[in-house]
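Let's take a walk through this structure together. Have the sequence and the 3D view open, and follow along one stop at a time.

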Amino acid sequence: QVQLVESGGGLVQAGGSLRLSCVASGSIFSINHMGWYRQAPGKQRELVARIISGGSTNYADSVKGRFTISRDNAKNTVYLQMNSLIPEDTAVYYCNAQMIRSGENYARNWWGQGTQVTVSS
């Protein structure tokens, strides 16, 4: 079995910072890309940031310059450093990874359970 476990969410005032972490564990053969999505109440889930195995990154326009995604391949961990938070960043943040499980030859998307981020004004 494979799972993604997020941590680091919480309540913060506007202008503050939070750091999210997500660890992939289980029978993993390889991880392609890892990333973060978010879903606010009444809205669709959207991509926040993604990082591929080679280190290339892409960000939603709304978070460019404020959020930074990074990855520790040795620990199968992805981080999201969120600075200058604004109330519009309030959402459940989900970790996502495209992984190949041991014994399989195709990649699948996996999701974490989500962590709440609330930014107060």
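Which backbone oxygen lies 3.4 Å from a polar atom of the side chain of asparagine 96? Turn to tryptophan 110: the oxygen belongs to its backbone. Keep in mind that this is a predicted model.

Let's stay with asparagine 96 for a bit. You'll find this residue in strand E9, which covers residues 91-101. Is asparagine 96 buried or exposed? Its relative accessible area is 3%, so asparagine 96 counts as buried, the cut-off being under 20%. The side chain of asparagine 96 also has a polar contact of 3.5 Å with the side chain of asparagine 109. Leaving out residues up to four places away in sequence, asparagine 96 touches Leu4, His33, Met34, Gly35, Tyr37, Asn109, Trp110 and Trp111.

Now for the disulfide. How many are there by the rule used here? The count comes to 1. A disulfide, in general, is a covalent bond between the sulfur atoms of two cysteines. Here the partners are cysteine 22 and cysteine 95, with 2.0 Å from S to S. Cysteine 22 sits in strand E3 (residues 18-26) and cysteine 95 in strand E9, so the bond ties together parts that are 73 residues apart in sequence. The torsion about the S-S bond is about -85°, so this disulfide is left-handed.

Are the two cysteines buried or exposed? Cysteine 22 has a relative accessible area of 0%, so it counts as buried. Cysteine 95 also comes out at 0% and is buried. Look around cysteine 22 and, setting aside neighbours within four places in sequence, you'll see contacts with Leu4, Val5, Glu6, Met34, Trp36, Asn76, Thr77, Val78 and Cys95. For a sense of distance, try glycine 54, which is 32 residues from cysteine 22 along the chain: their C-alpha atoms are separated by 18 Å.

Strand E3, the home of cysteine 22, leads us on to a sheet. In what order do its strands line up? There are 4 of them, running E1-E3-E8-E7 in an open sheet with antiparallel pairing. Strands E1 (2-7) and E7 (67-72) stand at the edges with a single partner strand each, so one side of each has no neighbour in the sheet. On average, neighbouring strands here are turned by 15° against each other, direction ignored.

Start at the E1 edge. E1 and E3 pair in the antiparallel sense over 6 bridges, and leucine 4 stands opposite alanine 24 in E3. In a regular strand, side chains alternate between the two faces of the sheet. You can follow that along E1: Val2, Leu4 and Glu6 make up the covered face, while Gln3, Val5 and Ser7 make up the uncovered one.

Over at the other edge, E7 pairs with strand E8 (residues 77-82), again in the antiparallel sense and over 6 bridges. One pair to pick out is threonine 68, whose bridge partner in E8 is glutamine 81.

Strand E8 also holds threonine 77. With a relative accessibility of 4%, threonine 77 counts as buried. A polar atom of the side chain of threonine 77 lies 2.8 Å from the backbone oxygen of lysine 75. Apart from neighbours within four places in sequence, threonine 77 is in contact with Cys22, Val23, Met34, Ser70, Arg71 and Asp72.

Last stop: charges. Side chains of opposite charge can pair when their charged atoms come close. How many salt bridges does the structure hold? The tally is 6. One of them joins aspartate 61 and lysine 64, whose closest N and O atoms are 3.1 Å apart. Aspartate 61 has 64% relative accessibility, so it counts as exposed.

Another salt bridge pairs arginine 66 with aspartate 89, the closest N and O atoms being 2.7 Å apart. This pair links distant parts of the chain, 23 residues apart: arginine 66 is in the loop between strand E6 (57-59) and E7, and aspartate 89 in the loop between E8 and E9. Both arginine 66 and aspartate 89 are buried. They also belong to a network of salt bridges that links Arg38, Glu46, Arg66 and Asp89. To finish, look at glutamate 104 and arginine 101, whose side chains meet in a salt bridge at 2.8 Å, N to O.

Key: Residues are numbered from 1 along each chain as its sequence is written. This is a predicted model: local features need pLDDT of at least 70, side-chain atom pairs count only at pLDDT 80 or more; totals for chains, interfaces and linings use all residues. Side-chain values use heavy atoms; hydrogens and water are left out. Helices (H or I, at least four residues) and strands (E, at least two) are DSSP runs, numbered from the N terminus. Buried means under 20% relative accessible area, exposed over 50%, partly exposed in between (1.4 Å probe, protein chains only). A polar contact is a pair of N or O atoms within 3.5 Å; within protein, one must be able to donate a hydrogen and the other to accept it, and residues adjacent in sequence count only if both atoms are side-chain atoms. Contact means heavy atoms within 4.5 Å. A disulfide is a pair of cysteine sulfur atoms within 2.5 Å. Two strands pair if DSSP finds at least two bridges between them. Axes are lines fitted to C-alpha atoms, for helices over the stretch in contact, and angles run from 0 to 180 degrees between N-to-C directions. A salt bridge is a side-chain nitrogen of Lys or Arg within 4 Å of a carboxyl oxygen of Asp or Glu.
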